[in-house]
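Please load the model in your viewer and keep the selection tool at hand. We will go from one selection to the next and look at what is there.

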Amino acid sequence: MVLDLVNITLQRDDAQILQNINWQIEQGEHWVLYGLNGSGKTALLDLINAYNFPTSGSATVLGFQFGKVYLGEELRKKIGFVSSSLQEKFYPTDNAFEVVLSGAFASIGLYETPTDEMRERAIGLLEDLGCIGYANRDYATLSQGEKQRVLIARALMANPSILILDEPTNGLDFIAREQLLDSIERLAIKENSPTIIYVTHHVEEILPVFTKTLLLKSGEVFASGETNQIITSEILSDYFNLSVHVNWENNRPYLVKGK
Ligand SMILES: Nc1ncnc2c1ncn2[C@@H]1O[C@H](COP(=O)(O)OP(=O)(O)OP(=O)(O)O)[C@@H](O)[C@H]1O
Ligand SMILES: [Mg+2]
């Protein structure tokens, strides 16, 4: 079991941020976490990363059971995290290759001398993610889409067991988004792929490899299970309180507002 959350609640001051969260992820599954603004996605991801501690319930992530021992640092070594808020944290004059290499040390910037093995791995990842062509370019000169690819490669440097992609297509145009989704799909179908948790506001981004979906609403699990049974006109109309239709094309769902 990669993730086992049982009856999790999270309270901050007077606010109940997460309630009765049950979520089990098995090895080999890739999940979409879908939720409107303020539904608790970031709170839930911070909990998985051991930045938030559950107020009640039991949480086991990659075999680390919360509450037994201090586990934050050890656990976070095994979790790769990519979000657009990470994009601006890197030194503008570091090149893409250096940014990827820094993932081996979980540092912003390179302070240690990378081994030859690390350099080879970084080059392999830059190739896999389609960014070898700009490996020597200053990070600051890269487009949003290029930066996202570099950051995914960086997250993979540490060989994580879980890769969390938090709205990775933010700010990308249609072509850049589809190219990034192609790269994510190639990664996800690899035999040694980490378990991917893909966070999005957009149903259209749910690739066929994401066979499982969890819908979060107001801090609770609204529905979870097989994507094709969750992403339906009926469930989403209930979820939004608005009539919507889901059209499937080439194994991907598209959402349109009903009348
Ligand atoms: N420390 C806190 N104290 C009180 N309320 C909080 C605190 N942190 C988060 N919240 C509230 O908890 C809710 C869930 O927040 P969260 O950031 O997890 O939402 P989200 O699903 O990530 O939204 P978005 O899509 O906008 O990023 C929000 O209503 C937020 O205002
Ligand atoms: Mg958020």
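The tour below starts with a sheet and ends with a pair of helices.

Before you click, note that this is a predicted model, in which local features need pLDDT of at least 70, side-chain atom pairs count only at pLDDT 80 or more, and totals for chains, interfaces and linings use all residues. Residues are numbered from 1 along each chain as its sequence is written, chains are lettered from A and ligands numbered from 1 in the order in which they are written, and side-chain values use heavy atoms, leaving out hydrogens and water.

**Stop one: the sheet**

Select residues 3-12, strand β1, together with residues 15-25, strand β2: the two run antiparallel and are joined by seven bridges. Helices (H or I, at least four residues) and strands (E, at least two) are DSSP runs, numbered from the N terminus, and two strands pair if DSSP finds at least two bridges between them. Click L5 and you will find W23 of β2 opposite. Two residues separate β1 from β2 in this hairpin, and D13 in the turn has a positive phi of about 50°.

Now add residues 56-61, strand β4, which pairs with β1 in the antiparallel sense over five bridges. Here T9 has S56 as its bridge partner. Then add β5, which is joined to β4 by two bridges, again antiparallel; T60 is partnered by Q65.

With these selected, you have an open sheet of four strands in the order β2-β1-β4-β5. Because β2 and β5 (64-65) stand at the edges with a single partner strand each, one side of each is left without a neighbour in the sheet.

**Stop two: helix α5**

Next, select residues 144-157, helix α5, which has 14 residues and reaches 20 Å from its first C-alpha to its last, close to the 20 Å expected at 1.5 Å a residue (1.5 Å times one less than the number of residues). Is this helix mostly covered or uncovered? Twelve of the 14 residues of α5 are buried, meaning under 20% relative accessible area with a 1.4 Å probe, protein chains only. Among them are G145, V150 and L151. Just after α5, look at N159, whose phi is positive, near 55°.

**Stop three: α5 with α6**

Finally, add residues 174-188, helix α6. α5 and α6 pack at an angle of about 20°, their axes 11 Å apart (axes are lines fitted to C-alpha atoms over the stretch in contact, and angles run from 0 to 180 degrees between N-to-C directions). That makes α5 roughly parallel to α6, a word used for angles under 35 degrees. To see the contact (heavy atoms within 4.5 Å), show Q148, R149, I152 and L156 of α5 with Q179, L180, S183, I184 and L187 of α6.

Methods. Buried < 20%, exposed > 50% of the residue type's maximum accessible area, 1.4 Å probe, protein only. Parallel < 35°, antiparallel > 145°, perpendicular 65-115°, else oblique.
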